Amino acid sequence: MGFMRHSVICIFFAIAFFGSSLAEDPYRFFTWNVTWGTIWPLGIPQQGLLINGQFPGPQIDSVTNDNLIVNVFNNLDQPFLLSWSGIQQRRNSWQDGVFGTNCPIPPGQNFTYKFQVKDQIGSYYYFPSMYMHKAAGGFGGLTVNSRPLIPVPFPTPSGDITLLIGDWYKTNHTILRRTLDMGGSLGKPDAVLINGHGPANGATITVDQGKTYRLRISNVGLSSSLNFRIQGHKLKLVEVEGSHTVQNVYDSLDIHVGQSYSVLVTANQASQDYYMVASTRFTSPVLTGIATFHYSNSQKKVSGSIPGGPTEVVWSLNQARSVRWNLTASAARPNPQGSYHYGNITITRTIKLANSAPFINGKQRYAVNGVSYVPSTTPLQLADYYNISGVYTSGGIPDSPRGGSGYLQTAALNVEYRAFIEIVFQNYENTIQSWHLDGYSFFVVGMDGGDWKPANRKSYNLFDAVSRCTTQVYPNSWTAVLLTFDNAGMWNLRSQTWERQFLGQQTYVRVKSPVKSLRDEYDIPHNALLCGKAAGRPRLPQ
């Protein structure tokens, strides 16, 4: 009898232990109401895009593998979508929130995003992906913290602060959209905002003297590369878009459109207030956003001149090359980042993508290898799922530039599932470019001036290149990245310069498993919105 009782107790504790260890990952629920409202970032009233009445939008804080359930109510007078920059949506491009994968949320209706931050850590943000909504707000920070048992390669900071920096236009977003539709240009922005505040009414970040803080900085603007700095303080880089980095110390940091960085800043100066600055790069004139880095025991306001930033392109290029992977640090899993030896994998295909600015039908457009993308009224992912023909041209983007004038097409780039591919972003123009790929991170192995040639592979960093999802390409230069396409779905590859994205400098990368299996890609959600040629088609039962 005693033996049986002991056995029952052991079984109970075994079930309790393994039940807890095998329990489903935590859920975090959010209900967001999207509305128009009046905002005053530059001291004049503007129509802003608010989430739960906030500009910028609410912060999302999560932990690796959390399930995020975001119920979005669209109270605007036009369709709306949110996208989650840097969140890989493993096997689940259905939740990516761009028009090639999702039907927009109609006015007066809602849609619930359901996704997992699977095997990720890092600093990210969300933004509205339709039309020119991003020029009105609707963006916010999204952090993914490490699980408690996963070591982080620096002591726990005294605070974790999100900074959203970006250029800003006084002009209403509807007028900006109309200008682009007519073949015009957005022109130069009017200011730089820091956490929704212009330089005249700058934001304030309060810190305690002697303590160290983590600043997560994302460039959520429309067009401008920005240099970030804090008067009298050093920036220790620790993370870039989900990768722990070699902890270099900088006086200032170039953050290009769409990019996110984490730095540690120690409040180790005299007790007073200091300038926190974000200023445009490669522009004339230079626009400067100003905030206050406020010591809690400060008795003195900011003083002295605003610290200046770098001016040369080569300075930015050298800094970009200095950003490297921390090989010994763990990321989302216990194993070190450097245990993945990307430099030993054989490249199976090279794709060279050149941006261009053709005039088509008398209007300004932008293109990828001569193809200027035209959105379809039927999302490409739905067309694939329902086998609807005539929606897009599969394989319509050539693997290399072909010259000649540009043309309009709804084209996708086909990529073999699990292929290890080299992508070269070639910039023949005199302006800096910023490229982003949804669903993935890639290794930025090289960047330099001129026209990329195979011989340039000799200069690649095949040891500790940083893995990230957004990379810059300097004027008349190239940037090369390597990645394994192991995330099945339909993934947006786009310029982060929003005028260029809006007018065609984007495409979709179609990555499909040869075997239709839930192991490789999730099925259509039961609550998926259907539009265009997919309207009225059957969905999975709830």
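Is Gly221 buried or exposed, and what is its relative accessible area? The views below, drawn from a predicted model, take up this residue and then the whole protein.

**Figure 1. Gly221 is a buried residue.** Its relative accessible area is 2%. The cut-off for burial is under 20%, so Gly221 counts as buried.

**Figure 2. Gly221 sits in a loop between two strands.** The strand before this loop is β12, residues 212-219. The strand after the loop is β13, residues 226-230.

**Figure 3. Gly221 has contacts beyond its sequence neighbours.** Residues up to four places away in sequence are left out of this view. The partners of Gly221 are then Lys134, Ile165, Gly166, Asp167 and Val257.

**Figure 4. Gly221 and Val445 are shown as a pair.** In sequence, 224 residues separate Gly221 from Val445. In space, their C-alpha atoms are 26 Å apart.

**Figure 5. The fold holds five helices and 36 strands.** The radius of gyration is 24 Å, close to the 24 Å from the globule rule for 542 residues, so the protein is as compact as a globular protein of that length. Along the principal axes, the C-alpha atoms fill a box of roughly 85 × 60 × 55 Å.

**Figure 6. Burial and contacts are given for the whole protein.** Of the 542 residues, 57% are buried. Among contacts with a separation of 6 or more, 77% join residues 24 or more positions apart.

**Figure 7. Surface and charge complete the set.** The accessible surface is about 21,900 Å². Carbon and sulfur atoms supply 54% of that area. There are 43 positive and 32 negative side chains. The centres of these two sets lie 1 Å apart.

How values were computed: Residues are numbered from 1 along each chain as its sequence is written. This is a predicted model: local features need pLDDT of at least 70, side-chain atom pairs count only at pLDDT 80 or more; totals for chains, interfaces and linings use all residues. Side-chain values use heavy atoms; hydrogens and water are left out. Helices (H or I, at least four residues) and strands (E, at least two) are DSSP runs, numbered from the N terminus. Buried means under 20% relative accessible area, exposed over 50%, partly exposed in between (1.4 Å probe, protein chains only). Contact means heavy atoms within 4.5 Å. The radius of gyration is taken over C-alpha atoms; the globule rule is 2.2 Å times the number of residues to the power 0.38. Accessible areas come from the Shrake-Rupley method with a 1.4 Å probe; for residues, only the protein chains shown count as cover. Lys and Arg count as positive and Asp and Glu as negative; His and the chain ends are not counted. The place of a charge is taken as NZ of Lys, CZ of Arg, CG of Asp or CD of Glu.
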